[in-house]
Amino acid sequence: MTKMVDESTRKTLSSIPLLKTKAGPREKELWVERLKEEYQSLIKYVQNNKTADNDWFRLESNKEGTRWFGKCWFFHDQLKYEFDVEFDIPVTYPTTAPEITLPELDGKTAKMYRGGKICLSDHFKPLWARNVPKFGIGHAMALGLGPWLAVEIPDLIAKGVIHYKEKSEKET
């Protein structure tokens with residue numbers, strides 16, 4: 001790892017199993033193997049997050065593993081802000097990272113592209129490129145969405161752009 005990665009990022013990365021199979025959705029046989037690795041890596045990452053009391057997302061995919069969706073959340077002043085999260089696996093995956101989307105925040109921050117795709121840091125793409133095929137979806141969440149939420153959500157709350165929504169008893 002280069003000096004661009006701080007200690008907390010290094011610790012997070014070390015808790016996410018690396019992947020081996022370099023395959024995208026076009027490579028049918030190998031893609032099945034890659035998907036198994038993705039799920040194993042994600043499950044381990046989520047388990048580690050729960051153990052560290054840092055559980056912050058849930059994901060599932062369609063049958064083919066090409067479309068992913070779920071929820072992510074961020075705590076601010078002891079309130080839980082929850083958002084839908086979704087992304088498609090690019091045909092050039094894992095060379096190209098997925099573009100993570102938070103549809104309900106579309107147009108609410110400059111750090112986002114049309115359709116609610118989050119704008120990843122300048123550090124993310126070179127780091128991803130250096131780690132193909134070892135990085136997977138868990139790494140995209142940890143290095144992409146996690147830091148984005150940590151910077152953007154408190155700012156959007158402070159600006160009054162997003163507000164806390166209380167859940168009804170049925171939703172909790």
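User: Let's start with cysteines. How many disulfides does a search of the whole structure find?

Analyst: A disulfide is a covalent bond between the sulfur atoms of two cysteines. In this predicted model, a search of the whole structure turns up zero of them.

User: Why is there no bond between C72 and C119?

Analyst: Look at the sulfurs. For C72, the closest cysteine sulfur is in C119, and it sits 16 Å away, which is too far for a bond. A pair would have to be within 2.5 Å to count as a disulfide. Turn it round and C119 tells that story from its own end: its closest cysteine sulfur is in C72, at 16 Å.

User: And are these cysteines buried or exposed, C72 to begin with?

Analyst: C72 counts as buried, at 0% relative accessibility. C119 is partly exposed, at 24%, because buried means under 20%.

User: Now the sheet. In what order do the strands come?

Analyst: Strands of a sheet pair through backbone hydrogen bonds, either parallel or antiparallel. Here you have an open sheet of three strands, ordered β1-β2-β3, and the pairing is antiparallel. β1 and β3 stand at the edges with a single partner strand each, so one side of each has no neighbour in the sheet. From one strand to the next, the twist averages 15 degrees.

User: How many bridges join β2 to β3?

Analyst: Ten, with the two strands running antiparallel. If you'd like a spot to zoom in on, find F75, which stands opposite K80 in β3.

User: Which strands does α4 lie across?

Analyst: α4 lies across β1, β2 and β3, at about 45 degrees to β2. There's also α2, which lies across β1 and β2 and runs at about 165 degrees to β1.

User: What about the largest nonpolar core: which residues touch the most other members?

Analyst: That core has 43 residues, and L102, M141, L145 and I153 touch the most other members. Elements giving two or more residues to this core include α2 (28–51), β1, β2 (67–76) and α4 (137–158). α4 gives the most, with eleven residues. Click on M141 and you'll find that it touches, among others further than four places away in sequence, Y45, W56, F57 and F87.

User: Last one: where is S61, and what does its side chain make a polar contact with?

Analyst: S61 is in strand β1 (residues 57–61). Its side chain makes a polar contact with the side chain of Y39, at 2.5 Å. S61 is buried, with a relative accessible area of 14%. Beyond its neighbours within four places in sequence, S61 is in contact with Y39, R67, W68 and F69.

Technical notes. Residues are numbered from 1 along each chain as its sequence is written. This is a predicted model: local features need pLDDT of at least 70, side-chain atom pairs count only at pLDDT 80 or more; totals for chains, interfaces and linings use all residues. Side-chain values use heavy atoms; hydrogens and water are left out. Helices (H or I, at least four residues) and strands (E, at least two) are DSSP runs, numbered from the N terminus. Buried means under 20% relative accessible area, exposed over 50%, partly exposed in between (1.4 Å probe, protein chains only). A polar contact is a pair of N or O atoms within 3.5 Å; within protein, one must be able to donate a hydrogen and the other to accept it, and residues adjacent in sequence count only if both atoms are side-chain atoms. Contact means heavy atoms within 4.5 Å. A nonpolar core is a set of buried Ala, Val, Leu, Ile, Met, Phe, Trp, Tyr and Cys residues joined through side-chain atoms within 4.5 Å. Two strands pair if DSSP finds at least two bridges between them. Axes are lines fitted to C-alpha atoms, for helices over the stretch in contact, and angles run from 0 to 180 degrees between N-to-C directions.
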